[in-house]
Amino acid sequence: MAEMKVSEISLVAVVYCSLQNISQLAAAGVRACCPISTANNINAAIKRKIEPVTVKCRYHKPSAPQGPLQITGVTDTSSTIAWLPPLDNGGIAIEDYCVEIKEVDKKAWRKIGSTKDLHIKLLDLKKGSSYDIRITARNHVGYGKPYQPDEPIVAGKRINFRNGISDETLYVLMGIFPTRPKVSASPSPPTEFTVSDITSKSVTLHWGPPESNGGSDITGYVIEKQLNTTNKWFKVATLEPTVMKYCVENLKEKSEYFFKIYAENCIGLSQPVETKLVSLLTHATVPSPPTAPLEVRNLSTNAVIVEWGVPETDGGAPLLGYNIAIRDEKKTMWMEVGRVEADVQKFNIKDLQENHRYQIRILAKNEVGVSEPLETEEPYTVQKPTEYYESDVEESVMESKPSLTQTSETTTSWLRDNNMDADISSYSNAALLKRSEYFFRIWYYARTLFK
């Protein structure tokens, strides 16, 4: 810096700074601290070495964008993803978002593009491939930390709608995002969040709607879980706004979990409400056998009705139902002829042969497995009942609940039709009834299915 002669100057500011325009920095919120000298010591100030300027900025990089990631407009090779803005924008407006993807089994990230919106369309995906997503917000200071969902997206995995498609959803599937009226806030948390039906591998969660929807309709609920041994939360499900109960399955046996739930509207997620520590059952076993007596009564020349009692213990897990099996006295193989739900303790077995003797067994079932069977002490003979009327049979059949295993529209039991050697790959039956519908199934090593 060259020396300057100064006359009649009461105050001279000397600035040693590599930045050329301090006024521009001030407009951007930057403060520059510079030494000041008067006219009496200006020459000394010019000649001495001045300390570098310390520049301070009141802005900083934004935090990561928020989830959960919303996926819409799914095709085999494309989809549209949407996210929520960061909680902290760094004190200055977000300029854009950088979106990157990579295949799960690869290391290299590929930039999809930058957008000022809270959504972007992913193109040129491989059908059936899984992709990790990374979204980063940028303001005037720079890029913040990225948001990366815990679960990858799968190209071509479509969304199932239970109650049809609304106009709003149709717009989203078409890639159209109409302007929405401003809403005041996100909703309040769901109410009355409770846990019931705790088993060794599942729990059932119940909740009520939030006290406030934030000025907009509730669009759904998000459930998350956390193992007591970790600090990481995992999304379990995103549910429809009409759902107030959900069973979380496939949990780790003998473990402890926390669960929390959010309400959601078009603004975003509510604050979560969290359960206390939930301990799964550690002693669950198969249930005890159904209780005797096993009552069998003839309905017709080819049908009987069986009834039994509930097991003395469910094994520590709720009963799922009962399996019914029969065996012809002259045969060695047991055949399952039906299943009923846990609240049903009777079953109609049809398509039996008159004057044949059958062994009958009932097995109770929970999530662990099936119980030991309740079995008839002696083979039961199928005979025409006294005072037999066809109308009585039809009425009795209509009163019982249908089996989960059916052979036709009017039959509730399976019967073995034939035995064949292993090298036979076709079969013909010419004794079927005209204009009737039948189901057929083939058992391989069927004798190992039952004890």
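How many salt bridges does the rule used here count? The count comes to 13, where a salt bridge is a side-chain nitrogen of Lys or Arg within 4 Å of a carboxyl oxygen of Asp or Glu. Before you start clicking, note that this is a predicted model, in which local features need pLDDT of at least 70, side-chain atom pairs count only at pLDDT 80 or more, and totals for chains, interfaces and linings use all residues. Residues are numbered from 1 along each chain as its sequence is written, and side-chain values use heavy atoms, with hydrogens and water left out.

**Stop 1: the E5-E6-E9 sheet**

Select residues 66-72, 79-84 and 119-122, which are strands E5, E6 and E9. Strand names follow DSSP runs numbered from the N terminus (helices are H or I with at least four residues, strands are E with at least two). These strands form an open sheet in the order E5-E6-E9, with antiparallel pairing. Two strands count as paired if DSSP finds at least two bridges between them. E5 and E9 are the edge strands, each pairing on one side only. On average, neighbouring strands here are turned by 25° against each other, direction ignored; the axes behind such angles are lines fitted to C-alpha atoms (for helices over the stretch in contact), and angles run from 0 to 180 degrees between N-to-C directions.

Now look at E6 against E9: four bridges hold this antiparallel pair. Pick Thr 80, and you'll find its bridge partner in E9 is Lys 121.

**Stop 2: Lys 127 and Asp 76**

Stay in this area of the sequence and show the side chains of Lys 127 and Asp 76. They form a salt bridge, with the closest N and O atoms 3.8 Å apart. Lys 127 sits in the loop between E9 and strand E10 (130-138), and Asp 76 in the loop between E5 and E6, so the pair ties together parts that are 51 residues apart in sequence. Is Lys 127 buried or exposed? Lys 127 is exposed, at 60% relative accessible area, while Asp 76 is partly exposed at 29%. The cut-offs are under 20% for buried, over 50% for exposed and partly exposed in between (1.4 Å probe, protein chains only).

**Stop 3: two further salt bridges**

Jump to Lys 232 and Asp 150, whose side chains meet in a salt bridge (4.0 Å, N to O). Lys 232 is in the loop between strand E15 (220-227) and strand E16 (234-239), and Asp 150 is in the loop between strand E11 (143-147) and strand E12 (153-154), so this contact ties together parts 82 residues apart in sequence. Both ends are partly exposed: Lys 232 at 43% relative accessibility, Asp 150 at 46%.

Next, select Arg 297 and Glu 307, a salt bridge at 3.1 Å, N to O. Arg 297 belongs to strand E21 (residues 291-300) and Glu 307 to strand E22 (residues 303-309), 10 residues apart. Arg 297 is partly exposed at 42% relative accessible area, and Glu 307 is partly exposed at 26%. While you're on charges, pull up Glu 95, Asp 96 and Arg 138: salt bridges that share partners join these residues into one network.

**Stop 4: the E13-E14-E17 sheet**

Select 191-196 (E13) and 245-248 (E17), then add 203-208 (E14). What order do the strands take? The order is E13-E14-E17, in an open sheet with antiparallel pairing. E13 and E17 stand at the edges with a single partner strand each, so one side of each is left without a neighbour in the sheet. The twist averages 20° from one strand to the next.

E14 and E17 are joined by four bridges. Click Leu 205: its bridge partner in E17 is Tyr 246.

Just along the chain, Asn 250 lies in the loop between E17 and strand E18 (256-264). Asn 250 is exposed, at 72% relative accessible area. Put a distance label from Asn 250 to Lys 201: they are 49 residues apart in sequence, yet 5.5 Å apart in space, C-alpha to C-alpha.

**Stop 5: cysteines**

Try Cys 98 and Cys 247. Cys 98 is buried at 9% relative accessible area, whereas Cys 247 is partly exposed at 32%. The structure holds zero disulfides, taking a disulfide as a pair of cysteine sulfur atoms within 2.5 Å.

**Last stop: Ile 424**

Finish in the segment after helix H4 (390-399), where Ile 424 lies. Ile 424 is partly exposed, with a relative accessible area of 42%.
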